[in-house]
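Visitor: Please give me a close look at one part of this model, the network of salt bridges. Then place it against the packing elsewhere.

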Amino acid sequence: MSAGLDVRKTYKLYIGGNFVRSESGRYLAAVSAAETHLENVCHASRKDFRDAVSAARSAFEGWAKKTAYLRGQILYRAAEMLQNRAGELAGEIVRSSRATAGQARREVLKTIDRLVYFAGWTDKYSQVFGSVNPVATSHFNFTTPEPTGVVVVLAPDEPALLPLPAITFTEILATSDLPGGVVNVLTGRRGDLVSHIAGHMDVNAIVDGAGVGDLSAKLQAGTALNLKRYFRRSITPEQWFIAEAEDPYWILDTVEFKTAWHPIGL
């Protein structure tokens with residue numbers, strides 16, 4: 001009896017709450033640390049990136065208007081669903097990296113904890129980082145943080161939950177309460193898109209978690225086009241597991257501060 005055909009899964013892009021194929025029609029092989037062909041992933045194109053930015057911009061206003069409490073509850077829900085599929089994601093980490101079962105489980109549990117941690121900040125960071133400012137006139141003067149807009153995040157290659165298993169994580173996001181377009185995930189080669197990311201006029205901020213020298217330089221050069229923010233957050237894989245990666249001041253990377261004056265009634 002002949003063996004069955006080995007049909008490998010092809011992971012799609014996640015744009016606007018939907019799983020879509022790359023308009024380029026190109027795919028890349030996802031390989032393990034041992035160079036074993038695992039699955040296939042879409043090779044995102046410039047058009048795919050523009051679609052993702054458009055989806056993010058369309059979702060921005062609705063997401064920003066949701067209460068801080070509701071945004072936190074949605075992140076808690078994503079953490080809950082991630083916990084329900086923790087075993088599956090740990091298995092993906094093992095097969096796509098050199099991690100042991102124990103290391104993979106540690107990574108998944110830390111990811112759940114990190115989601116819960118930042119979910120808890122959604123209704124607190126405004127009070128912590130905002131202020132009531134002393135002024136010499138008969139006014140109240142308030143400074144409050146507001147979301148900056150469309151943010152592009154370049155993920156590092158390690159820890160492993162960030163590459164191939166992260167595409168599985170989008171399936172969790174798709175079935176959670178997170179509105180479509182708030183998070184969009186593209187796969188492919190960073191070098192193919194970095195110039196488009198740097199030059200796109202509707203991108204407000206870039207968080208560079210990869211920290212690849214020449215690519216980071218191109219991203220920073222692009223900030224001059226529309227004064228987009230650029231932050232480099234490339235830390236070692238082990239540092240992702242310690243308090244350094246839970247710095248609440250990282251939240252300020254992607255917020256703007258608005259100051260409002262209000263007259264004091266007599």
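Guide: The salt-bridge network comes first, then a helix that takes part in it, then the cores and rings.

This is a predicted model, where local features need pLDDT of at least 70, side-chain atom pairs count only at pLDDT 80 or more, and totals for chains, interfaces and linings use all residues. Residues are numbered from 1 along each chain as its sequence is written, and side-chain values use heavy atoms, with hydrogens and water left out.

The structure holds 15 salt bridges. A salt bridge here is a side-chain nitrogen of Lys or Arg within 4 Å of a carboxyl oxygen of Asp or Glu. Four residues form a network of them: Lys9, Arg85, Glu88 and Glu171. Arg85 meets Glu88 at 2.9 Å, N to O. Arg85 also meets Glu171, at 3.1 Å. That second pair links distant parts of the chain, 86 residues apart. Arg85 sits in the loop between α2 (68-84) and α3 (86-96), and Glu171 in helix α6. Helices (H or I, at least four residues) and strands (E, at least two) are DSSP runs, numbered from the N terminus.

How enclosed are these side chains? Buried means under 20% relative accessible area, exposed over 50%, and partly exposed in between (1.4 Å probe, protein chains only). Glu171 is partly exposed at 22%. Arg85 is partly exposed at 24%, and Glu88 at 38%.

Helix α6 (residues 164-174) is largely enclosed by the rest of the structure, because nine of its eleven residues are buried. Among them are Leu164, Ile167, Phe169, Ile172 and Leu173.

Ile172 and Leu173 also belong to a nonpolar core of 20 residues, along with Leu89 and Ile112. Such a core is a set of buried Ala, Val, Leu, Ile, Met, Phe, Trp, Tyr and Cys residues joined through side-chain atoms within 4.5 Å. This core is separate from the largest one, which has 21 residues. Phe49, Val152 and Leu219 are among the residues with the most contacts inside the largest core. Helix α1 (46-65) is one of the elements that give it two or more residues. The largest share, five residues, comes from α1. Contact means heavy atoms within 4.5 Å. Leaving aside neighbours within four places in sequence, Leu219 has contacts that include Leu154, Val194 and Tyr230.

Another charged residue to inspect is Glu246. Its place is in the loop between β10 (229-232) and β11 (255-263). Glu246 is buried, at 18%. Its side chain makes a polar contact of 3.2 Å with that of Arg114. A polar contact is a pair of N or O atoms within 3.5 Å; within protein, one must be able to donate a hydrogen and the other to accept it, and residues adjacent in sequence count only if both atoms are side-chain atoms.

Finally, the rings. The structure holds six aromatic pairs. In the pair of Trp121 and Phe129, the centres are 6.2 Å apart and the planes at 10°, so the pair is stacked. Rings of Phe, Tyr and Trp (its six-membered ring) pair if their centres lie within 6.5 Å; planes under 30 degrees apart count as stacked, over 60 as edge-to-face and the rest as tilted. Trp121 is buried at 16%, and Phe129 at 13%. Ring pairs link both of these with Tyr249 into a cluster.
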